[in-house]
Amino acid sequence: MRPLSSAPPAPHARASPGPGRGPRPRPPPCALPFPDALRAAAAAAAVSLSLLTGDAVGAVAAQPVEVCRDGAAAVAEEVRGEAVTNEQLVEEAWEVVNESFLPDAGSRPWSPEMWMQRKQDILQGTIKSRARAHDIIQKMLASLGDPYTRFLSPSEFSKMSKYDMTGIGLNLREIPDGNGSFKLMVLGLLLDGPAYSAGVRQGDELLSVNGIDVRGKSAFDTSSMLQGPKETFVTIKVKHGDCGPVESLKVQRQLVARTPVFYHLEKKENDDSSVGYIRIKEFNAVAKKDLVSALKHLQNSGATYFVLDLRDNLGGLVQAGIETAKLFLNKGDTVIYTAGRDHQVQNTIVAESGPMISTPLMLLVNDRTASASEIVASALHDNCKAVLVGEKTFGKV
């Protein structure tokens, strides 16, 4: 995943162009009006804010369960772990790389022919245990020389259950409905989590949250609707499978994401300007929602300039970073694009609406600004929505 610009002036999120691509033209310099008073206020605000620690929230482990089949339109089926042979498991991991892997300057030489030969070598003999299959997959992926392509065993993946996008132990995915829109399906469930205990199953369609129809809403925004204080209840309506009954379920929230957003207003004596200072510690499931609240509060309090502090923000949920960047961009502005081995095919993500604020924005970064934070920094810089101040960023994207 790459930010919009390939060669921005430092300080900036670093990214290299894909294979066969030349560097994209450097965007023209932004000319945003920042008086000296703002710079002093921003520095004072950055120093004076005390930060708390929050836990990141992300994806949950998927547990395959039985749901309804409707001809060829089955959503999911019951699959016991041992129903997949060790050889099939290795081949499945091989196939993911074969279809999606994009080598870059940091990885070892790779070609479809070399990868096919590796599969043939691996599958010559019988793989007698699951542990051996896992070991083979790990070594196979390690041969790519890519630190971001790795395998997690079931026990390692189960530790990710604490990263919950919704607070009730489920993960949603947008699926095309055949009518030009999409529906929200339960992609994964935290086994024995709140949603599972209430009767939600993988492959269910989520229809509403607290009486609000969620058809056409994004999985990210709907996940935010499901969140709330620990031990409170949320009522959801689900359709079991593709041809099953519709059921209304009351689910008690047990998991909660702490806010990563901290803010205050810095007023200057003998000056009419006020700086709205916002620090985002990480991009978790509530980052966008809490940032919107902070921006509204600071605007209503008279902020004339804004400082967004992403120093020491190592990232978190990529989608949270994308949604955060959209809050500051004009409709149609590019947030990021992804490119695969086919250089003619490119998936571009753009802002769907206008920015929340039109006042000048300064964005603080350092060498620990990484991943989702670099997506935000790149998008705002390249679209002339912010001036970057600080150090060269980590360079993960």
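This report describes one sheet of a predicted model, the helices that pack on the sheet, and one buried glutamate.

**The sheet**

Strands of a sheet pair through backbone hydrogen bonds, in either a parallel or an antiparallel sense. In this model, five strands make up an open sheet, and their order across it is 8-9-10-13-14. The pairing is mixed. Strand 8 (261-267) and strand 14 (387-390) are the edge strands, each pairing on one side only. From one strand to the next, the twist averages 20 degrees.

One pairing can be followed down to single residues. Strand 10 (residues 305-309) runs parallel to strand 13 (residues 361-365), and four bridges link the two. Val307 has Met362 of strand 13 as its bridge partner.

**Helices on the sheet**

Two helices are listed below with the strands they meet.

| Helix | Strands | Angle |
|---|---|---|
| Helix 8 (residues 287-300) | lies across strand 8, strand 9 (274-280) and strand 10 | about 15 degrees to strand 8 |
| Helix 10 (residues 372-382) | touches strand 10, strand 13 and strand 14 | about 145 degrees with strand 13 |

Strand 10 therefore appears in both rows of the table.

**Glu323**

Is Glu323 buried or exposed? The relative accessible area of Glu323 is 8%, and the cut-off for buried is under 20%, so Glu323 counts as buried. Glu323 belongs to helix 9 (residues 318-326). The side chain of Glu323 makes a polar contact of 2.7 Å with the side chain of Gln319. When neighbours within four places in sequence are left aside, Glu323 is in contact with Phe220 and Lys288.

Notes. Residues numbered from 1 in each chain as written. Predicted model: local features only at pLDDT ≥ 70, side-chain atom pairs only at ≥ 80, totals over all residues. Heavy atoms only, no water. Pairing = 2+ DSSP bridges. Axes fitted to C-alpha atoms, helices over the stretch in contact; angles between N-to-C directions. Contact = heavy atoms within 4.5 Å. Buried < 20%, exposed > 50% of the residue type's maximum accessible area, 1.4 Å probe, protein only. Polar contact = N/O pair within 3.5 Å; in protein donor to acceptor, adjacent residues only side chain to side chain.
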